[in-house]
Amino acid sequence: MVSYTSSDSFDDVAFAVETAIVGEGLVVDHVSYVGDMLKRTREDVGSDKVLFTKANVYTFCSAAVSRRVMEADPMNIVHCPYGIFVAQLADKPDEVVVGYRQYPEGPMQEVQSLLDGIVKDALGE
């Protein structure tokens, strides 16, 4: 995983991530509200631990980048769609973590560079 932290509010960081994705000419296909799901289901699975104040995963794809990495190896499909998470840990309420999974060496480094650029743009780096 590659991650960065911010002292900005969760909502501001989440908005900045969405804006940075759209700014690349991409479309957010889905927002997974992981934090809400874990909060809602924790008693159902026998837990009382609160992991996140808020946590979302934004998934999207790039037709151009995906075509290049899948032409290099069609099995790179396993990495699609791409995701960026924004999370505020319950035990660190003054910090928001933004990140994505690391990709293997080779063609998938183009995706990793894309994601890193989006995150850095969102965080103003």
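Biologist: What makes residues of the lining of the largest cavity nonpolar, polar or charged?
Modeller: In this predicted model, the lining divides into 4 nonpolar, 1 polar and 3 charged residues. Ala, Val, Leu, Ile, Met, Phe, Trp, Tyr, Cys and Pro count as nonpolar, Asp, Glu, Lys and Arg as charged, and the others, Gly among them, as polar. Therefore Leu38, Val50, Leu51 and Phe52 are nonpolar, Lys39, Arg42 and Lys49 charged, and Gly35 polar.

Biologist: Why is this space called a cavity?
Modeller: On a 1 Å grid over the protein atoms alone, a cavity is a set of points where a 1.4 Å probe fits but cannot get out, and lining residues have an atom within 4 Å of a point. The structure holds 1 cavity of 30 Å³ or more, and the largest has a volume of about 50 Å³ (the space filled by probe spheres set on points joined across faces, edges and corners).

Biologist: Which helix supplies the largest share of that lining?
Modeller: Helix 2, residues 34-41, supplies 3 residues; a helix is a DSSP run (H or I, at least four residues), a strand another (E, at least two), numbered from the N terminus.

Biologist: What makes a space a pocket instead?
Modeller: A pocket is an open set with protein on both sides within 12 Å along at least five of seven lines. The largest pocket, of about 170 Å³, is lined by 13 residues, with Val57, Pro81, Tyr82, Gly83 and Arg101 nearest its centre. Strand 4 gives the largest share, 4 residues.

Modeller: Residues are numbered from 1 along each chain as its sequence is written. Local features need pLDDT of at least 70, side-chain atom pairs count only at pLDDT 80 or more, totals for chains, interfaces and linings use all residues, and side-chain values use heavy atoms, without hydrogens and water.
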